[in-house]
Amino acid sequence: SQIDTVLDGELRHTFEVASQGRNVVGDPIRSRLYPRAGIVVAVPVAVDDQVLGVVEAFLSLEPIQESLDRERNQNVLSYIVDRKGRLVLASDPAALGGYGSLKKIELVNEFVTQPSRLTRSYVRGEGESARRVLGTVARIEGGPEEGPDWGVIVETDEGQAYASVAQMTKASTAGAALALDFALFVAFVAARALSRPVLELVEKVRASALAKRRPAE
């Protein structure tokens with residue numbers, strides 16, 4: 001299927017990058033098994049700076065989605081975008097027109113240009129669905145050096161109190177960041193654990209080869 005092709009393409013891409021000796025966290029993708037999105041994590045298996053293989057894992061973003069779901073209410077919309085302005089997860093994807101680029105939203109476009117904490121008023125939507133909202137964006141920081149560079153955005157009607165926006169931003173950002181950091185930590189630990197037997201086998205083969213060569217020398 002098309003979704004399987006997308007997943008296969010992401011696995012191939014992260015494999016090629018990890019083959020160059022770099023840990024990789026891929027772009028968010030969706031599959032039949034994980035319709036709420038996931039990311040591919042790839043860790044190179046290397047000995048003496050020579051990459052012998054790559055261990056890959058698909059990490060579900062379900063815990064982060066559940067965090068957004070818990071914060072859902074009719075007055076506040078919470079969602080996560082990547083640095084390309086694409087929607088990763090949302091408390092209500094339909095309110096944003098589904099998954100895809102959100103650069104047409106002023107706050108998202110500003111995050112893409114300069115990922116800093118920002119709160120401002122703007123119009124989201126077009127025609128009869130257009131409404132003025134107060135939005136704030138906070139970059140998800142911390143975690144592995146190779147971790148994704150995403151932003152949490154919280155919107156509410158402009159008439160809502162600023163205090164509610166600040167409260168929702170703190171809760172959504174903390175929950176998403178904590179879930180993401182923990183998931184990535186587990187993924188990297190698991191990938192490195194799987195690569196350990198490969199490295200041990202390589203060392204044994206190398207030691208055996210050296211032992212056989214010594215008498216001849």
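In the predicted model, the largest nonpolar core holds 16 residues, and the members that touch the most others are Y79, L96, L102, V108 and I153. Four elements each supply at least two residues of this core: the strands β4 (76–82), β5 (87–90) and β7 (131–139), and the helix α3 (106–113). The largest share, 4 residues, is contributed by α3. A second core, separate from this one, comprises 15 residues, among them I64, L68, V88 and I140.

The surroundings of L96, one of the core residues with the most contacts to other members, were examined further. When neighbours within four places in sequence are left aside, L96 is in contact with L77, Y79, L87, A90, L102, I105 and R124. Two of these partners, Y79 and L102, are also listed with L96 among the core members that touch the most others.

Strand β4, which supplies at least two residues of the largest core, also contains D82. This aspartate is buried, as its relative accessible area is 5%. A polar atom of the D82 side chain lies 2.9 Å from the backbone nitrogen of K84. Beyond residues up to four places away in sequence, D82 touches P28, V88, F111, D149 and W150. Of these, V88 is included in the second core.

At the level of secondary structure, the chain comprises 4 helices and 8 strands. Their order along the sequence is α-β-β-β-α-β-β-α-β-β-β-α. An open sheet is formed by 3 strands, arranged as β1-β2-β3 with antiparallel pairing. Its edges are β1 (24–25) and β3 (50–60), each of which pairs on one side only. Strands of a sheet pair through backbone hydrogen bonds, in either a parallel or an antiparallel manner. Here, β1 and β2 (residues 38–47) run antiparallel and are joined by 2 bridges. In one of the pairings between these strands, V25 has V41 of β2 as its bridge partner.

For the chain as a whole, 38% of the 217 residues are buried. The exposed area of the chain is about 12200 Å², of which 52% is supplied by carbon and sulfur atoms. Among contacts between residues at least 6 apart in sequence, 51% join residues at least 24 apart.

How values were computed:
Residues numbered from 1 in each chain as written. Predicted model: local features only at pLDDT ≥ 70, side-chain atom pairs only at ≥ 80, totals over all residues. Heavy atoms only, no water. Pairing = 2+ DSSP bridges. Buried < 20%, exposed > 50% of the residue type's maximum accessible area, 1.4 Å probe, protein only. Contact = heavy atoms within 4.5 Å. Areas by Shrake-Rupley, 256 points an atom, 1.4 Å probe, with all protein chains shown as cover. Core = buried A, V, L, I, M, F, W, Y, C linked by side-chain atoms within 4.5 Å. Polar contact = N/O pair within 3.5 Å; in protein donor to acceptor, adjacent residues only side chain to side chain.
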